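Me: Please take one part of this model and go through it closely. I would like a single connected account, with cut-offs.

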Amino acid sequence: MAELDLFFENKMNEECGVFGIFNHENAAELTYYGLHALQHRGQEGAGIVTSDGKMLHQHKGEGLVRNVFTQQDIDRLKGIHAIGHVRYSTAGGGGIMNVQPFLFRSQSGPLGLCHNGNLVNANQLKVYLENEGSIFQTTSDSEILAHLIKRQRGDMMTALKESLLYIEGAFAFLLLKENEMYIALDKLGLRPLSLGRIGDKGIVVASETCAFDVIGAEYLRDVHPGEVIRIDLNGITSDRYAKTCHRSMCSMEYVYFARPDSDVEGINVHQARKNCGRVLAKESHVEADIVVGVPDSGLSAAIGYAEEANIPFEIGMIKNKYIGRTFIQPSQELREQGVKMKLSAVRSIVKDKRVILIDDSIVRGTTSRRMVDMLRDAGAKEVHVRIASPEIKFPCFYGVDFSTYDELIAATHTTEEIRHVIGADSLAFISVEGLTKGIGRPVTYGKNCGQCVACFNGDYPTYLYEDVINANKEVK
């Protein structure tokens, strides 16, 4: 490994984030700040495409937003319209060729495109399109939509609606033409996407509302499942590409991905996590001296747990936010100690204490074991682990980076076995019912109108193609 990023290598990685702005003189600059607010959703690459009404301009690169763009880069991105993307690679892999937004040029004019999510029928569509003569420039499933649009007849809105009917899975698409922007959300609303307004005429769209706060935009509403929106200089036009649409927001947006200051479909993320902590305290109370949250996404739930259990909340772990990549090749000994560069226990707080450690999830288990060991090394008398999400037993095929059973400890271990693996004195997870109660959304599968909990119970809201799941068939 060429980086001391070991502590979080066994946690989930973020999904991608998209941002767009239409009709604003500082489009590129505001998109930069919007992407910076969404940086937690992807750190592998970033890009912006702008339009000056006649031409589309692009700049993208691998790495963090602040490293990809200089002031000169922003100045060269001329125009009053822009779309931007921060990437974490799920399907298709990494590399500069897969950094978005993509920019396509054809006789019908240029097209910028970026996407958050995963398409479950990507392989089938690629085979079909290649047999029809398409040549793909990337390995990303996001490129599929551009090829589908090119094969349709009619205006852009008609072509986009027809193309979206071919696609299954989770997606939030932004498309930019010279004087038009198009927005499309999957028919189950698996990915978050919101509309806002800035100034008198500017329209913005972002994966999370925290991006609006950064640039001073006003939240208008969420994009509806199955909705297609066209924005031009005359205003906003809304349509639907699918007749049957249901809300099925990914539960992990509330549990882990979204920033606490974001509102996802009208529900504040911090408050949802805090409520889940309260429910968790009711479901799995244990006698202890202090409650400690794992920075950062476990803190809100820890506050709720402490308040409900009437046990003091303490900052018993500190995250070093300034540790990033290093080109120094660490020794094996330093690799094992790498966790201490990312996270450290506050010895004077946890020493001789019975500690309840609240985390957002357990995926592979290695991270939890290291945290428990760290607290014990700091003198904790007992460590009771409480998890503010249910056991993750099933892979996600919609954009979260655990797509095989092999990566999930709860797929092959009982709660007691996991407790033994991580070395905790006790372990409990919130129930699926407790999670949905804490978040405040209903779950009714088959006729889905709430949130996706497929990674907890295996009840997937879309059809899964055989090639997507066949590698996992034999796992019990």
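Reply: Two strands count as paired if DSSP finds at least two bridges between them. Strands (E, at least two residues) and helices (H or I, at least four) are DSSP runs, numbered from the N terminus. The model is predicted, so local features need pLDDT of at least 70 and side-chain atom pairs pLDDT 80 or more, while totals for chains, interfaces and linings use all residues. Residues are numbered from 1 along each chain as its sequence is written, and side-chain values use heavy atoms, without hydrogens or water.

The part is the antiparallel sheet. Six strands form this open sheet, in the order 5-6-7-8-12-13. Its edges are strand 5 and strand 13 (235–240), and each of these pairs on one side only. From one strand to the next, the twist averages 20°; such angles run from 0 to 180 degrees between N-to-C directions, with axes as lines fitted to C-alpha atoms, for helices over the stretch in contact.

Start at the strand 5 edge. Strand 5 covers residues 102–104, and strand 6 covers 111–119. The two pair in the antiparallel sense over three bridges. Leu-103 has Gly-112 of strand 6 as its bridge partner. Six residues lie between the strands of this hairpin. Gly-109 takes a positive phi there, near 110°.

Next comes the pairing of strand 6 with strand 7. It is antiparallel and runs over eight bridges. Here Leu-119 stands opposite Gly-169 of strand 7. Strand 6 is mostly covered: nine of its nine residues are buried. Buried means under 20% relative accessible area, exposed over 50%, and partly exposed in between (1.4 Å probe, protein chains only).

Further along, strand 8 (181–185) meets strand 12 (227–232). This pair is also antiparallel, with four bridges. Tyr-182 faces Arg-230 of strand 12.

Now the helices. Helix 6 lies across strand 6, strand 7, strand 8, strand 12 and strand 13. Its direction makes about 155° with strand 12. Contact here means heavy atoms within 4.5 Å.

Helix 5 (143–150) is mostly covered as well, with seven of its eight residues buried. The buried residues are Glu-143, Ile-144, Leu-145, Ala-146, His-147, Leu-148 and Ile-149. What covers them? Strand 5, strand 6 and strand 7 are included, and so are helix 6 and helix 4 (122–131). Three strands of the sheet are thus among the cover of helix 5.

The surface around helix 6 looks otherwise. Helix 6 (156–164) and strand 7 (169–176) are joined by a loop that holds Tyr-166. Tyr-166 counts as partly exposed because its relative accessibility is 35%. Together with Tyr-128 and Leu-165, Tyr-166 makes a nonpolar surface patch of about 280 Å². Patch residues have over 30% relative accessible area and no salt bridge; like charges are joined within 9 Å, nonpolar side chains (Val, Leu, Ile, Met, Phe, Trp, Tyr) within 5 Å. A salt bridge puts a side-chain nitrogen of Lys or Arg within 4 Å of a carboxyl oxygen of Asp or Glu. Areas come from the Shrake-Rupley method with a 1.4 Å probe; for residues, only the protein chains shown count as cover.

To recap, strand 6 is antiparallel to strand 5 and to strand 7. Helix 6 lies across it, and strand 6 helps cover the buried residues of helix 5.
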